[in-house]
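I set out to look up the main features of this structure and to record them in order. The entries below follow what I looked up.

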Amino acid sequence: MPTPLPQTVTWGVALLCALAVAGLWVRPGPQVRRARLLLAGSGGPAGLGPGPGGGPSWAARAGEWAGRMGQWGRERRELLCLPLACGVALAGESVLPLIAGALAVPLVRRWLEVRRREAERDRREAAVIEMCGTVAGELRAGRQPGEAMAGLTRMELGPGWPAVPAAARFGGDVSGALRKAALQPGAEGLNGVAACWQVAVDGGAGLAAGLERVAAALGAERDQRDELRAQLAGTRSTAVMLALLPVLALVMGSALGAGPLRVLLHTPAGIGCLVLGGLLECAGIAWTRRIVRAAEGPGRGRQT
């Protein structure tokens, strides 16, 4: 049977975890940066101008530290599991929540990475559709294909995209650069753009009409996927609600004075129920994800 965790140790770990994730709520302030630029070298109010000896003031150093902490916190959101585990450990007076929180950090990190890749994929798909519409519109207005493509230097289409406008500007292999840029997840539609570009260059066919058809096909596919996601939103919401029901039951039991955490963390029967419930919870989440992946299709399932 696990022994109760000393209060001093638990509070110490909780304080360290809170300091570690403090950057999640600290964002670089544009007002501090603007004041720093306006008052640099002008002997402004105390704390905003240069410090003694011409060095940065305490406000400038604090703003720089806050910016770094904010960036670090946004990149390490999975560390929120640690203070949450510390809170549960304090309430249940056990070290088991700390162990569970530490084990949950890599799992949450992987889940956040999957969400980030999906968001990047969606942004690239939208950027491909926007690029096709922009180039087609400029071609309809009378510009040459190379000129229209060379001006698209700020499209969010991954690291391989800058080679495309460079090839169009200096007379390189635009279709080859488009196929290389299409290797990024979400930018697969650039293969169709490359085919239209090659046909237009070799055979003199209308490039604007081809790009418009590619944009229409990609837009229809995205609309179909959005409709499917809307239909699956009910399934996801039900899974989330069922996953949170045990937490709600623990909160209600604690509010009624039943002490469910003490039973779960300090008795053999409670620990067995906790392990069994956790395994069933993981199995339910995995089964729900499998259903959603099967409904979304194999192409999207491999990305998650």
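**Entry 1: Arg-143 and its partner**

I began with Arg-143, which counts as partly exposed at 38% relative accessibility. The model is a predicted one, and I keep that in mind throughout these notes. I then looked up the partner of Arg-143: its side chain meets that of Glu-138 in a salt bridge, at 3.4 Å from N to O. Glu-138 is partly exposed, with a relative accessible area of 22%.

**Entry 2: The chain as a whole**

I next asked how many helices and strands the chain has. The secondary structure comes to 13 helices and zero strands. Read along the sequence, the pattern is accordingly one α after another: α-α-α-α-α-α-α-α-α-α-α-α-α.

I noted that the chain has 304 residues, of which 31% are buried. The exposed area is about 18300 Å², and carbon and sulfur atoms supply 65% of it. I also looked up the contacts in the chain with a separation of 6 or more: residues 24 or more positions apart account for 60% of them.

**Entry 3: The nonpolar core**

I turned to the largest nonpolar core, which has 35 residues. Those with the most contacts inside this core are Met-131, Met-149, Trp-161, Leu-178 and Leu-190. The elements that give two or more residues to the core are α5 (96-140), α6 (145-150), α7 (163-170), α8 (174-181), α9 (190-203) and α10. I asked which element gives the largest share of this core. The answer is α5, with eight residues.

I then took Trp-161 by itself and left aside its neighbours within four places in sequence. Trp-161 is in contact with Met-131, Met-149, Leu-152, Met-155, Leu-178, Ala-181 and Leu-190.

For α8 I checked how far the helix is covered. Six of its eight residues are buried, and the helix is thus mostly covered. The buried residues in α8 are Val-174, Ser-175, Gly-176, Ala-177, Leu-178 and Ala-181. Two of these names, Leu-178 and Ala-181, also stand in the list of contacts of Trp-161.

**Entry 4: Salt bridges**

I looked up the number of salt bridges, and the count comes to twelve. Side chains of opposite charge can pair when their charged atoms come close.

Arg-116 forms a salt bridge with Glu-113, and the closest N and O atoms are 2.2 Å apart. Both residues lie in helix α5, three residues apart, which is about one turn of the helix. An α-helix has 3.6 residues a turn, so residues three or four places apart point the same way. Arg-116 counts as partly exposed at 39% relative accessibility, and Glu-113 counts as partly exposed at 29%. I also found that this pair belongs to a network of salt bridges that links Glu-113, Arg-116, Arg-117, Glu-120 and Arg-124.

A further salt bridge joins Glu-118 and Arg-229, with the closest N and O atoms 3.7 Å apart. Glu-118 lies in helix α5 and Arg-229 in helix α10, so the pair ties together parts that are 111 residues apart in sequence. I asked whether Glu-118 is buried or exposed. Glu-118 has a relative accessible area of 14% and is buried, because the cut-off for buried is under 20%. Arg-229, at 28%, is partly exposed.

**Entry 5: Helix α10 and its surface**

I followed helix α10, which spans residues 207-255 and contains Leu-242. Leu-242 is partly exposed, with a relative accessible area of 49%. Together with Met-241, Leu-245, Leu-248 and Met-252, Leu-242 forms a nonpolar patch on the surface. The accessible area of these residues together is about 490 Å².

Ala-249 also lies in helix α10, and at 46% relative accessibility Ala-249 counts as partly exposed. I looked up the distance from Ala-249 to Pro-260: the two are eleven residues apart in sequence and 9.0 Å apart in space, C-alpha to C-alpha.

**Entry 6: A buried serine**

My last item was Ser-94, whose place is in the loop between α4 (81-92) and α5. Ser-94 counts as buried, at 0% relative accessibility. The side chain of Ser-94 reaches the backbone nitrogen of Leu-96 at 3.2 Å.

Notes
Residues are numbered from 1 along each chain as its sequence is written. This is a predicted model: local features need pLDDT of at least 70, side-chain atom pairs count only at pLDDT 80 or more; totals for chains, interfaces and linings use all residues. Side-chain values use heavy atoms; hydrogens and water are left out. Patches are made of residues with over 30% relative accessible area and no salt bridge: like charges are joined within 9 Å, nonpolar side chains (Val, Leu, Ile, Met, Phe, Trp, Tyr) within 5 Å. Accessible areas come from the Shrake-Rupley method with a 1.4 Å probe; for residues, only the protein chains shown count as cover. A salt bridge is a side-chain nitrogen of Lys or Arg within 4 Å of a carboxyl oxygen of Asp or Glu. Helices (H or I, at least four residues) and strands (E, at least two) are DSSP runs, numbered from the N terminus. Buried means under 20% relative accessible area, exposed over 50%, partly exposed in between (1.4 Å probe, protein chains only). A nonpolar core is a set of buried Ala, Val, Leu, Ile, Met, Phe, Trp, Tyr and Cys residues joined through side-chain atoms within 4.5 Å. Contact means heavy atoms within 4.5 Å. A polar contact is a pair of N or O atoms within 3.5 Å; within protein, one must be able to donate a hydrogen and the other to accept it, and residues adjacent in sequence count only if both atoms are side-chain atoms.
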